[in-house]
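Take a look at the model below. The report picks out a few of its features, one by one.

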Amino acid sequence: MYADGRLIRFGAGRANGRPRRGFIEQRLTRDGVKLLRSEIVSAGGFGHAQPPPGSDSLPGGWPPHLVRKGERLVPLRWASDLKRLDARLTDPESWLPASAWKQRKIRAYVPSRFQVCAAAVVVPDLDKPRQGRVVQMGPARIVALLPAAAQNVLRGRDWRANVSRPTPTSARRVYGGCFDVTTEEARSLAKALDGAGPAFARKGGAINLIYGFDAPGPSRQVGISFNPYLPHGEVTCSACG
């Protein structure tokens with residue numbers, strides 16, 4: 001939820017009898033923003049070093065809930081009634097009054113920018129792609145593994161290498177890279193990748209558009225993901241799709 005009323009959620013509700021995929025957008029009035037914010041704040045777990053009496057710690061899998069207080073974003077760590085809070089945030093249409101909505105009708109969220117990322121993965125079992133292991137490799141080398149048509153649309157981009165942090169036992173490592181494009185450029189790139197072949201190129205992902213191309217080498221694939229920027233300037237997680 002943003003101060004201007006934009007309410008962006010992932011996969012909320014159903015469309016044509018099927019669960020929605022991707023991000024959806026609605027708009028609240030100023031009063032609607034206040035009501036939804038008050039609902040979160042009233043959970044009672046903001047800014048406390050210890051859980052207030054009668055509250056429950058949020059499970060580790062819960063997405064972070066942050067509320068702006070002055071210049072700070074304060075996280076919600078405990079809730080006095082976690083089940084109720086979850087239900088209210090999951091289905092705000094069920095309790096927010098009509099006056100809280102500036103645009104209640106759900107529509108797809110269309111970002112102004114995308115981050116396009118490339119990574120090489122070793123996938124021992126192609127039926128279980130999530131068990132793949134990311135390979136240490138720079139963007140230029142990864143692009144060289146793609147079909148020629150895909151190379152043509154990705155070569156020469158201003159890649160930012162994805163570099164791991166050094167640890168006491170390992171040096172910095174490069175795992176692919178990313179670059180930014182506008183939505184129109186993203187559509188053109190996706191169209192080009194759709195026609196890049198070979199026939200067994202795969203694409204999928206619930207949050208992001210992800211292409212998988214079989215690459216030379218045992219059980220190796222190259223993944224190209226399109227990650228939407230959210231209005232506050234952050235991108236979603238490629239691995240989550």
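Start with a single pair of residues. Isoleucine 24 has alanine 108 as its bridge partner in strand β9. This model is predicted.

That pair belongs to a wider pattern. Strand β4 spans residues 23-28 and is joined to β9 by four bridges. The two strands run antiparallel. Strands of a sheet pair through backbone hydrogen bonds, either parallel or antiparallel.

Now widen the view. The open sheet has three strands, in the order β1-β4-β9, with antiparallel pairing. Strands β1 and β9 are the edge strands, and each pairs on one side only. From one strand to the next, the twist averages 20°.

| Edge strand | Residues |
|---|---|
| β1 | 6-10 |
| β9 | 101-108 |

Next comes a helix. Helix α1 covers residues 30-41 and includes arginine 30. Is arginine 30 buried or exposed? Its relative accessibility is 69%, so arginine 30 counts as exposed. Arginine 30 and tryptophan 101 are 71 residues apart along the chain, and their C-alpha atoms are separated by 9.0 Å.

Last, the disulfide. A disulfide is a covalent bond between the sulfur atoms of two cysteines. The structure holds one. Cysteine 117 and cysteine 178 form it, with sulfur atoms 2.1 Å apart. Cysteine 117 sits in strand β10 (residues 113-122) and cysteine 178 in strand β13 (residues 174-182), so the pair ties together parts 61 residues apart in sequence. Which hand does the disulfide have? The torsion about the S-S bond of cysteine 117 and cysteine 178 is about 105°, so the disulfide is right-handed. Both cysteine 117 and cysteine 178 are buried.

Key
Residues are numbered from 1 along each chain as its sequence is written. This is a predicted model: local features need pLDDT of at least 70, side-chain atom pairs count only at pLDDT 80 or more; totals for chains, interfaces and linings use all residues. Side-chain values use heavy atoms; hydrogens and water are left out. Two strands pair if DSSP finds at least two bridges between them. Axes are lines fitted to C-alpha atoms, for helices over the stretch in contact, and angles run from 0 to 180 degrees between N-to-C directions. Buried means under 20% relative accessible area, exposed over 50%, partly exposed in between (1.4 Å probe, protein chains only). A disulfide is a pair of cysteine sulfur atoms within 2.5 Å.
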